[in-house]
Amino acid sequence: NGKYQVGAITSGERGTNTTAICCMSAAGMFVPTMLIFKRLHFKYELSARAPPSTQFACSENGWITREIFVQWLKHFIETVKPSKEKKILLLLDGHTTHTKNIEAINIARENGIIMLSLPPHTTHRLQPLDVAFFKPLSVYFNQACDTWMREHPMKLITQFQISELLANSYGIATTVANAVNGFARTGV
């Protein structure tokens with residue numbers, strides 16, 4: 001004579017990394033994101049219903065590589081249009097794909113980008129994205145996952161839903177206020 005109540009449903013797929021590269025300015029502008037999937041070859045279906053102008057890449061472990069950072073940097077340059085006359089500062093987290101990447105450093109230098117790597121273990125206080133953007137994005141992404149799970153009972157969230165789930169959450173989290181507050185709260 002018992003009753004059961006399900007408090008939450010979660011997806012059973014584990015261990016499949018997907019990395020999102022995000023970038024925002026102190027003025028509240030956002031560079032379209034890049035998604036890096038853990039796989040060897042890209043399939044068009046991975047991009048279904050992604051946020052507008054999202055870039056895609058694949059790597060063996062789903063993380064950024066030197067080559068993918070160069071690809072993203074070129075995307076950044078096309079979007080932001082920096083120049084030697086109109087230089088910009090790009091804050092980075094100090095990952096070796098950024099700091100020990102001669103090709104990226106040369107591309108940045110040629111295009112008027114000053115890359116500044118934050119000291120290790122400080123991004124939670126100094127990186128505007130960490131301070132004001134990733135938490136709301138995570139909350140909205142989890143809400144989108146919960147909604148998807150309710151609407152698709154008995155199905156798992158796989159790589160093929162990530163773009164759509166990100167689109168549902170990214171559009172809500174990319175606000176001028178989140179960007180401006182991130183830079184203000186870090187003192188940058």
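With the whole protein selected and its surface shown, the exposed area comes to about 11400 Å² (by the Shrake-Rupley method with a 1.4 Å probe), and carbon and sulfur atoms supply 55% of that area. This is a predicted model, in which local features need pLDDT of at least 70 and side-chain atom pairs count only at pLDDT 80 or more, while totals for chains, interfaces and linings use all residues. Residues are numbered from 1 along each chain as its sequence is written, and side-chain values use heavy atoms, with hydrogens and water left out.

Switch next to a cartoon view, where 8 helices and 5 strands make up the secondary structure; these are DSSP runs, numbered from the N terminus, with helices (H or I) of at least four residues and strands (E) of at least two. Followed from the N terminus, the elements run β-β-β-α-β-α-α-β-α-α-α-α-α. The C-alpha atoms fill a box of roughly 75 × 40 × 30 Å along the principal axes.

Now select Cys-22, Cys-23, Leu-90, Leu-91 and Leu-129, which lie nearest the centre of the largest pocket, itself lined by 37 residues. Strand S1 (18-24), strand S2 (30-38), helix H1 (66-80), strand S4 (88-92) and helix H5 (128-132) are the elements that give two or more residues to this lining, and S1 provides the largest share, with 6 residues. A pocket here is an open set of points on a 1 Å grid over the protein atoms alone, where a 1.4 Å probe fits, with protein on both sides within 12 Å along at least five of seven lines, and lining residues have an atom within 4 Å of a point.

From the pocket, move to Ile-114, which sits in strand S5 (residues 113-117). Ile-114 is partly exposed, with a relative accessible area of 45%, where partly exposed covers the range between buried (under 20%) and exposed (over 50%), with a 1.4 Å probe and protein chains only. Leaving out residues up to four places away in sequence, Ile-114 touches Lys-87, Ile-88, Leu-89 and Leu-90, contact meaning heavy atoms within 4.5 Å. Phe-76 is 38 residues from Ile-114 in sequence, and their C-alpha atoms are 13 Å apart in space.

The last stop is Gln-161, in helix H7 (residues 159-173). Is Gln-161 buried or exposed? With a relative accessible area of 15%, Gln-161 is buried. Beyond its neighbours within four places in sequence, Gln-161 is in contact with Trp-148 and Leu-156, and its side chain reaches the backbone nitrogen of Thr-158 at 2.6 Å.

Definitions and conventions
A polar contact is a pair of N or O atoms within 3.5 Å; within protein, one must be able to donate a hydrogen and the other to accept it, and residues adjacent in sequence count only if both atoms are side-chain atoms.
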